[in-house]
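The following paragraphs lead through selected side-chain interactions of one protein chain. Please keep the sequence and the model in view while reading.

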Amino acid sequence: MALPDSPSATGHGVRDDGVRDAPDVRLPAYPPKPVPGDRIAVVSPSAGLPGLFPLPYELGLERLHTEYGLEPVEYPATRAMGATPRERADDLHAAFADPSVKAVIASIGGDDQITVLPLLDRELIRARPKPFFGMSDNTNLLAYLWNCGVVGYHGASVMCELGRPGAMDPLTAESLRAALFTSGPYELRPAARFREVDLPWEDPATFARAPETEPGSGWTWHRPDRVVEGRSWGGNVEILSWLLMADREIARDASVYDGCVLFLETSEDMPRADDVFRILRSMGERGLLQRFRALLMGRPKAWSFERPLAPAARARYVRDQHEAVLRAVDAYAPDMTVVLDVDLGHTDPQLVIPYGGTVRVDGPARRVTVTY
């Protein structure tokens with residue numbers, strides 16, 4: 001739909017193509033939070049994988065109800081593989097428009113949510129802001145919400161985090177609970193142990209016990225000589241590269257992001273280190289990368305069913321990606337504080353990152369605090 005020429009109530013002038021023009025002093029606002037007993041919409045804005053893999057999906061729904069006290073509400077395309085972009089957009093509109101629904105969560109990601117964005121009604125979503133939780137391909141919708149003036153939440157899909165075999169990881173469960181129900185600062189902390197190797201979702205035996213984990217090595221800090229506080233922006237590296245190519249939801253005037261905190265992560269597709277560098281290099285050439293004062297880089301996913309790397313090869317993959325990230329940052333943002341291997345994105349446990357919310361990176365104290 002056509003948007004007004006004047007800046008929106010959220011404080012950002014937005015053109016019809018969804019790309020921000022001049023920045024404004026106002027920033028994305030936190031939507032009202034749900035409380036236990038409320039209804040939460042469960043949608044599949046990307047892939048209807050609940051229809052193919054019901055075991056983690058049903059487990060995730062059960063935990064939303066029993067562990068968080070929320071009432072999941074499904075929509076027509078939630079379990080529908082091959083749902084059209086229009087059908088998925090309709091589900092999102094219905095979820096945001098329903099006054100009885102107090103939050104929205106994605107079942108999982110996918111790879112074509114970018115085709116849904118042009119069909120969304122920006123004014124409807126602005127008028128009924130709600131917390132949205134998702135990651136991976138849901139970076140599309142999170143960036144869209146930023147441009148609607150709504151803080152979203154990167155993390156906690158139904159199938160991956162809530163549907164984790166055995167039990168939710170306590171670090172994930174605590175972060176999600178805080179993000180869902182509380183407002184205020186929440187300190188992130190490194191995982192003592194993490195999971196790398198996955199098991200098949202189609203096998204009921206997968207869900208009989210908690211997955212095996214391995215010791216974590218903590219976070220690695222570069223240029224931790226300052227305290228940075230700003231609004232967060234970012235998400236999945238591969239999805240951001242597609243948005244850049246399509247010229248959607250990323251401001252052409254990069255000063256919109258001045259002073260913000262960037263957070264990035266890579267997917268189970270395990271992009272090559274050279275590709276990660278080239279994406280960040282392109283962000284630098286666009287004048288985007290250097291706008292951010294700090295970067296939280298998620299622990300790379302270094303194992304997949306397509307590439308089941310042995311431990312030594314996984315370590316090399318992670319090391320190569322670290323070097324690629326630092327090479328790009330050193331070239332375009334040499335004063336940026338960088339924290340590597342943060343437990344965000346495609347990793348387990350997973351910390352929820354507010355998208356457009358306040359993040360404080362305290363280098364001297366080696367502390368990261370988000371505001372949910």
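In this predicted model, a salt bridge connects Arg 367 with Glu 187, and the closest N and O atoms of the pair are 2.7 Å apart. The two partners belong to distant parts of the chain: Arg 367 is in strand β16 (residues 367-371), whereas Glu 187 is in strand β6 (residues 185-188), and 180 residues separate them. Arg 367 counts as partly exposed because its relative accessibility is 41%. Glu 187 falls into the partly exposed class as well, its relative accessibility being 36%.

A further salt bridge is found between the side chains of Arg 79 and Glu 74, with an N to O distance of 2.7 Å. Arg 79 has a relative accessible area of 33% and is therefore partly exposed. For Glu 74 the relative accessible area is 34%, so this residue is also partly exposed.

Arg 195 offers another case: its salt bridge is with Asp 198, and the closest N and O atoms lie 2.7 Å apart. Is Arg 195 buried or exposed? With a relative accessibility of 13%, Arg 195 counts as buried, because the buried class comprises values under 20%. The pair is also part of a wider arrangement, in which salt bridges that share partners join Arg 164, Arg 195, Glu 196, Asp 198, Lys 301 and Asp 348 into one network. For the model as a whole, the count comes to 23 salt bridges.

Attention now turns to a serine. Ser 46 is located in the loop between β1 (39-43) and α1 (54-66). Its relative accessibility is 6%, so Ser 46 counts as buried. Which residues are in contact with Ser 46, leaving aside its neighbours within four places in sequence? They are Arg 88, Ile 108, Gly 109, Gly 110, Asp 112, Gln 113, Asp 137 and Asn 138. With one of these residues, Gln 113, the side chain of Ser 46 forms a polar contact of 2.8 Å.

Asn 147 provides a further reference point for Ser 46. The two residues are 101 residues apart in sequence, and their C-alpha atoms are 20 Å apart in space.

Taken together, the cases described include a salt bridge between Arg 367 in strand β16 and Glu 187 in strand β6, a network that contains Arg 195 and Asp 198, and a buried loop residue, Ser 46, whose side chain is joined to that of Gln 113 by a polar contact.

Notes. Residues numbered from 1 in each chain as written. Predicted model: local features only at pLDDT ≥ 70, side-chain atom pairs only at ≥ 80, totals over all residues. Heavy atoms only, no water. Salt bridge = Lys/Arg side-chain N within 4 Å of Asp/Glu carboxyl O. Buried < 20%, exposed > 50% of the residue type's maximum accessible area, 1.4 Å probe, protein only. Helix = DSSP H or I, 4+ residues; strand = E, 2+ residues; numbered from the N terminus. Contact = heavy atoms within 4.5 Å. Polar contact = N/O pair within 3.5 Å; in protein donor to acceptor, adjacent residues only side chain to side chain.
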